[in-house]
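Welcome, and please load the model in your viewer before reading on. Each stop below suggests a selection and then says what is there.

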Amino acid sequence: MIELDNLTMHYGDLKALQGLNLHIPQGEFFALLGPNGAGKTTAIKLLTGLMQPTAGAVRVCGHDIYADPMAAKAVMGYVPDVAVFYEKLTPHEFMHFIAALYEMNEAKTRESTADLFTRFDLHRHAGQRIENLSHGTRQRLAIASTLLHEPKVFVIDEPMVGLDPVHARTVKQELKARSQAGMTILMTTHLLNIAEELADRIGILHEGKLIALGTLAELKSRFEREGAKLEEIFLQMVAAAE
Ligand code: ATP
């Protein structure tokens, strides 16, 4: 569902991504990890068609993001680390605005909005202006609005930003259930416990290269010490790559 082939990005002399190859099958929950400056945001911007790469290809559900961006974007949803809204709108109005962009009909929009507002505890904020919402409520609205058109591929940068423990659990459960129902998820995070809890497969990016790729069990099997946590694996792999 997500295919990155030899994805390369240079900013002047800086090689932010150096030939990234990554194929993510349908229904996989994939966590892309890496230290600051590793190239995660660059990879996401290229995957979502926000930038053109120096070299390489991106396909989303078989659609080339640069040659056929409309087809690729129609089946994809992207939640950036800081979501952008029309601040004067209410969540209710914002959902209808997003639905119009995807040419959803009125009945489906109303039904899906009500369902997502229930799941993400947004009903009581539905009529408030977005500019007055808390950080965590904005994040839940960003996720709900990105799920509205039922994307097949869901890309999310730091999903837990600003969420309290109750809402963090809601978001984790919703995303996990959707990936189990067939939605493909690519998440970036610095929270290794979240990756450990949710991800089917993990990739660690370092200086624009993938230095580890596998299930948690596969990554752990490379370590001699029984019961190594992802944090220990991450720190050792990054240190070894320095
Ligand atoms: P973080 O965890 O800090 O968000 P990241 O893994 O997302 O980091 P990127 O933001 O992709 O890393 O940055 C990769 C490298 O490319 C960094 O060295 C960064 O300074 C550089 N970089 C990113 N965007 C640009 C740009 N527009 N122009 C020049 N250099 C850039």
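**Stop 1: I143**

Start by selecting I143, which is buried, with a relative accessible area of 0%. Keep in mind as you look around that this is a predicted model. I143 lies in helix α5. Show what surrounds I143: leaving aside neighbours within four places in sequence, I143 is in contact with V79, F120, F154, I156, P159 and V171. Now draw a distance from I143 to L116, C-alpha to C-alpha: the two are 9.3 Å apart in space and 27 residues apart in sequence.

**Stop 2: Q139**

Stay in helix α5 and select Q139. Is Q139 buried or exposed? With a relative accessible area of 4%, Q139 is buried; the cut-off for that word is under 20%. Setting aside neighbours within four places in sequence, the contacts of Q139 are V79, I156, E158, P159, V161 and L163.

**Stop 3: E158 and E103**

One of those contacts of Q139, E158, deserves its own click. E158 sits in the loop between β7 (153-157) and α6 (165-180). Check the backbone here: phi of E158 is near 50°, a positive value in a residue other than glycine. Most residues other than glycine have a negative phi. E158 counts as buried, at 14% relative accessibility.

Next, jump to E103, another residue that is not a glycine but has a positive phi, of about 55°. You will find E103 in the loop between α3 and α4 (106-119). Unlike the buried E158, E103 is exposed, with a relative accessible area of 74%.

**Stop 4: the two domains**

Zoom out and colour by domain. The protein is divided into domain 1 (1-75 + 152-242) and domain 2 (79-150). Place a centre on the C-alpha atoms of each, and the two centres lie 25 Å apart. How many residues of domain 1 are in contact with domain 2? There are 18 residues of domain 1 in contact with 18 residues of domain 2.

**Stop 5: the nonpolar cores**

Select L33, L141, F154 and I202 together. Of the 51 residues in the largest nonpolar core, these touch the most other members. Domain 1 (1-75 + 152-242) and domain 2 (79-150) both give residues to this core, so the core lies between them. Apart from it lies another core, of 27 residues, including I24, A43, I65 and V155.

For a closer view of the largest core, pick L141, one of the residues that touch the most other members. Not counting residues up to four places away in sequence, L141 touches F85, P91, F94, M95, F117, L122, I130 and L133.

**Stop 6: the largest pocket**

Rolling a probe the size of a water molecule over the atoms shows where empty space is left. Turn on a surface and look for the largest pocket, whose volume is about 820 Å³. To centre the view, select M76, Y78, I98, L101 and Y102, the closest to the pocket centre of the 24 residues that line it.

Which elements each supply at least two residues of this lining? They are α2 (69-74), β6 (76-79), α3 (91-101) and α5 (135-147). Colour the lining by residue class and you should see 17 nonpolar, 5 polar and 2 charged residues. Colour it by domain instead: the lining draws at least three residues from each of domain 1 (1-75 + 152-242) and domain 2 (79-150).

**Stop 7: the second largest pocket**

Now select M1, Q26, L147, E150, P151, K152, R178, A181, G182 and M183, which line the second largest pocket. The volume here is about 180 Å³. The lining of this pocket divides into 5 nonpolar, 2 polar and 3 charged residues.

**Stop 8: V58**

Finish in strand β4 (residues 55-60), the place of V58. V58 is buried, with a relative accessible area of 0%. Leaving aside neighbours within four places in sequence, V58 is in contact with E3, L4, L7, L46, L47, H63, D64, I65 and Y66. One of these, I65, also belongs to the core of 27 residues. As a last distance, join the C-alpha atoms of V58 and L205: they are separated by 17 Å, and the two residues are 147 residues apart along the chain.

Note on methods: Residues are numbered from 1 along each chain as its sequence is written. This is a predicted model: local features need pLDDT of at least 70, side-chain atom pairs count only at pLDDT 80 or more; totals for chains, interfaces and linings use all residues. Side-chain values use heavy atoms; hydrogens and water are left out. On a 1 Å grid over the protein atoms alone, a cavity is a set of points where a 1.4 Å probe fits but cannot get out, and a pocket is an open set with protein on both sides within 12 Å along at least five of seven lines; lining residues have an atom within 4 Å of a point. Grid points are joined across faces, edges and corners, and a volume is the space filled by probe spheres set on the points. Helices (H or I, at least four residues) and strands (E, at least two) are DSSP runs, numbered from the N terminus. Ala, Val, Leu, Ile, Met, Phe, Trp, Tyr, Cys and Pro count as nonpolar, Asp, Glu, Lys and Arg as charged, and the others, Gly among them, as polar. Domain bounds come from an automatic or database domain assignment. A nonpolar core is a set of buried Ala, Val, Leu, Ile, Met, Phe, Trp, Tyr and Cys residues joined through side-chain atoms within 4.5 Å. Buried means under 20% relative accessible area, exposed over 50%, partly exposed in between (1.4 Å probe, protein chains only). Contact means heavy atoms within 4.5 Å.
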